[in-house]
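This report describes selected helices, packing contacts and chain-level features of a multichain model. The sequence and the structure come first, and the description follows.

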Amino acid sequence: MKRFLIVALGLAASVIGAGRALEAQDGGLEAVKVRKNFYMLAGAGGNIGVQLGSDGIVLVNAGGPNTSDKVLGALKTLTDLPIRYIINADAGTDFVAGNEKLARAGYTIFTNALGGGAGLPNGGGASILSHDSVLREMSKVKPAYPSGALPNEAFFTARKAIRMNDEGIEIFYQPSAHTSADSFVLFRASDVVVAGDVMDTTRFPVIDVASGGSIAGEIAALNRLIDLTIAPTPYIYKDVGTYVIPGHGRVSEQMEVVDYRDMVVLVRDNVADLIKQGKTLDQIKAARPALPYETRYGVAGATNAFIESIYKSLQAKKS
Amino acid sequence: MKKAILVLTLLLISRAIPALAEIDLSGSWQSINHEDSLERGGGPYPDDWTGLPFNESGRAKALSFSQSVISMPERTCWFQTQWHIAAGPFSLRMWAVPDPVTGKISAWMVGGWETRAPMTIWMDGRPHPSKNAPHDQTGFTTGVWNGNELVATTTHLKTGYIRRNGAPSSDQATITTHFRRHGDMMTLVLFMDDPVYLTEPYILSRSYNLSTTPVAMGGPPCIVGDEGVESGRVPHYLPGKNPFTEEMLKYYGIPPEAAMGGAETAYPEYREKIRAKFTRPAKCAINCG
Amino acid sequence: MKKVLEVLKVLGVLGVLMVLGVLVGPAFAQGRGGRGGAPAAPQTPKAAAPIDLTGYWVSVVDEDWRYRMVTPTKGDYQGVPMTPDARKIADTWDPAKEEASGELCKSYGAPAILRVPGRLHITWQDDQTLRLDTDAGKQTRTFHFGSWKPAAGAPHTIQGDSVAVWEGGGRGATDGSMKVETTNLKAGFLRKNGVPYSENATVTEYFELVTQPDGSPLLVVTISTTDPAYLRQPFVISSHFKKEATDAKWKPGECSATW
């Protein structure tokens, strides 16, 4: 009788508990399924795009400092295959700090290199692919990144294309946007674009003017991102379109990119108008040109930083 | 001890069983557009935000709005959010979706319109997606029964409008919809809880009559056409440059400060605040009904 | 095998318990008398109330704002399904004449009073009668439960005669409502700008409580006015009221024909 009651209690409790929301797994890291073979890892610093297939794992970005163990743990729940490529779409610490550890945990595709062993590229680990601007920006950082963290496959052209897991992957360099080292990575068959911090659904964009970023480049990049995506027309109410993985924040579609672009343009126009009126930077900040969006994107000092970066960009353009 | 365990078991089991009191909401419900008739139909006046509990960001966003926004190629086929059930004029079609194995109702459907996606109200206790999950046109809605009242909670909305004159709603909003049926009439009470743009929830209630005339279940497809706004342009008004801030004064004698909204504009004491500034026009000049 | 049989026995007993929970639960919730006991005395409407409407309530005007918070413009009848006769009457509205006539409360009658921005105070006058007072216009409505009927030949009044019943609710749910039917109305205005209703108008209302996102109650009243003379179809609107803890903002004021 006692045993039966314990079983009954357990069953009843599990029925009641079923409705509770699932919590993020693995200490705050969440693997969001985007497509059948594509995930976003959120909570490791910057978002990480994860493409899966019989060739192995392709990552876009590698997460922030001290997150690699969690990232590897999350990847293990998705597949036993190794990491083959890490594509860096952004040179920020949030996106490259995990390069070395994740690459070492992976396995290069170039297994037929002459000499084998030590002759394998990147010491045999996964390749780290990026536009040359990422390598240059990472090379400026002090203290220096270890050599194993630096991209070992850098390209200089505006576009690079490879094919992994039976899918075309295009990398588009976006000059002078959030920094000078931004790229978009388009997975053609998955219909997913990984955007890096050109887009951040949690805050105003960080435009690092000192590192080559500019407001004009940020707007051009967002317009490019819109062009790379397809909205779910004509069946707006039943389909989804191209998914965008921003640098931070949730999985998005074209409309979120349009909202974000519109916000950047509106605030830029407001600042430009105040500059035209002869206002100083302090007067411009006091006028609150980003007010329509302050509550949505103005976290932790982001508002004034954004206004300043626009001001500096526009003043630099004038001179 | 054994008795205590038995009583506890019975209590737990009775809680785990869904409430018996559920009613049938299915059918074609014709919208009764007697209140906010103009706002739901032809649309509200530009800059009429009377009664809206805006915060300063909400007001600033609304003032920046240009109607040309909806002619942007990226927005031509943009859909309203589920709030449009209250803000729009259309009727509702509702039907239940049974679980094919158990026969229990796993969801209630509220059919869509030409500008609003169908709403699936999940009744099976599933959780809402995480904050990292995408927001789609339908939002994500779960429902519970409170006796004969269905209470639906919608999150994961895209950005939209509380009113079709630029009063914004954000992607962080939650809409709670209460469905109450009285015979052949149904009243919906909707709360828009938006911490980005509002200081308190905005409340609308709408009534519908059950009808034998079928209401459409979904909207037509949409293809983007050229409406004169070139790709990349973002129509908006600079601060202080919105030309419609005195529209309500012009037609109704309502002072502009009232039209700019804010929670206080919805409460009775506000009447005394504007009494001296209000002059009733001699007669109705436009949209007289 | 023995373990399998044990498990089956447990599941079987569990199934019986679940069925019992389904059958017996509602009876417990409704608090009916036990088997073999004397039938309980019928509850008074006050005791049987599935929801508590008493207290102070403030109107929240987030709909039809320009028809309620200010005097609507003459000739603005948007949304009201008026007959041609009603339009003819409304077109003659003259607020100065209304004021001079002394009949200042025509837009404060039962079909319209809950549209007037102000506060309500709802109390039990006795176990059979719920009373609603308004500070705007100092009006009083009484909702009679049970078998109450107005006296034969009673005069028509601004608030008419209201009969109320409880509907729904119980079983721990808060979905109950008070349905009110009002007749014997004196002719008045649905809107302050002279949109008329006749003495043959009747009003059906549902008073119900809806839980707000913060857990506090919102009083929602759906008002359906039928008038064979002046309305082509029932005029259906709904008003909202938030609860207030005290009478601190209760501010009785006279009717006005112009404001």
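In this predicted model, helix α3(B) contains the buried residues Ser57(B), Gly58(B), Arg59(B), Ala60(B), Lys61(B), Ala62(B), Leu63(B) and Ser64(B). Because 8 of the 9 residues of this helix, which spans residues 56–64 of chain B, are buried, α3(B) is largely enclosed by the rest of the structure. The surroundings of α3(B) come from two chains, since its buried residues pack against α7 and α9 (291–297) of chain A together with β8 (168–169) of chain B.

**Chains B and C**

Two of the chains can be set side by side in terms of their elements, their burial and the sequence separation of their contacts.

| Chain | Helices | Strands | Residues | Buried | Contacts joining residues at least 24 apart, among those at least 6 apart in sequence |
|---|---|---|---|---|---|
| Chain B | 7 helices | 11 strands | 289 residues | 46% | 62% |
| Chain C | 5 helices | 11 strands | 259 residues | 42% | 61% |

Along the principal axes, the C-alpha atoms of chain B fill a box of roughly 75 × 50 × 40 Å.

Where chains B and C meet, 50 residues of chain B are in contact with 50 residues of chain C. On the chain B side, the elements that contribute two or more residues are α1 (2–16), α2 (37–40), β9 (174–182), β10 (185–193), β11 (202–211) and α7 (270–275) of chain B. Strand β11(B) gives the most to this side, with 5 residues. By class, the residues on the side of chain B that touches chain C comprise 23 nonpolar, 18 polar and 9 charged.

The loop that runs between β11 and α5 (247–252) of chain B holds Gly228(B). Is Gly228(B) buried or exposed? With 8 other C-beta atoms within 10 Å, Gly228(B) falls under the limit of 12 or fewer for exposed residues and is therefore exposed. Although Gly228(B) and Ser71(B) are 157 residues apart along the chain, their C-alpha atoms are separated by 7.0 Å.

**Helices of chain A**

Helix α2 of chain A, residues 68–78, has Ser68(A), Val71(A), Ala74(A) and Leu75(A) as its buried residues. These residues lie on the same side of α2(A) because they cover an arc of only 125 degrees around the axis. An α-helix has 3.6 residues a turn, so residues three or four places apart point the same way. On the face of α2(A) turned away from the buried side are the exposed residues Lys76(A) and Thr77(A). The partners against which the buried residues of α2(A) pack are β1 (30–35), β2 (38–42), β3 (48–51), β4 (57–60) and α4 (99–105) of chain A.

A further helix pair in chain A is formed by α6 (residues 215–228) and α7 (residues 254–276), which pack at an angle of about 160 degrees with their axes 9 Å apart. As this angle is over 145 degrees, α6(A) and α7(A) are therefore roughly antiparallel to each other, and their crossing is left-handed. From α6(A), the residues Ile215(A), Glu218(A), Ile219(A), Leu222(A), Asn223(A), Leu225(A) and Ile226(A) take part, and they meet Gln254(A), Val257(A), Val258(A), Tyr260(A), Arg261(A), Val264(A), Val265(A) and Arg268(A) of α7(A). The contact of α6(A) with α7(A) has 10 nonpolar, 2 polar and 3 charged residues.

Key:
Residues numbered from 1 in each chain as written. Chains lettered and ligands numbered in written order. Predicted model: local features only at pLDDT ≥ 70, side-chain atom pairs only at ≥ 80, totals over all residues. Contact = placed C-beta atoms within 7 Å. Helix = DSSP H or I, 4+ residues; strand = E, 2+ residues; numbered from the N terminus. Nonpolar A, V, L, I, M, F, W, Y, C, P; charged D, E, K, R; others polar. Buried ≥ 20, exposed ≤ 12 C-beta atoms within 10 Å, placed from the backbone. Arc of directions from axis to C-beta. Axes fitted to C-alpha atoms, helices over the stretch in contact; angles between N-to-C directions. Parallel < 35°, antiparallel > 145°, perpendicular 65-115°, else oblique. Left-handed = near helix turned anticlockwise from the far one by under 90°.
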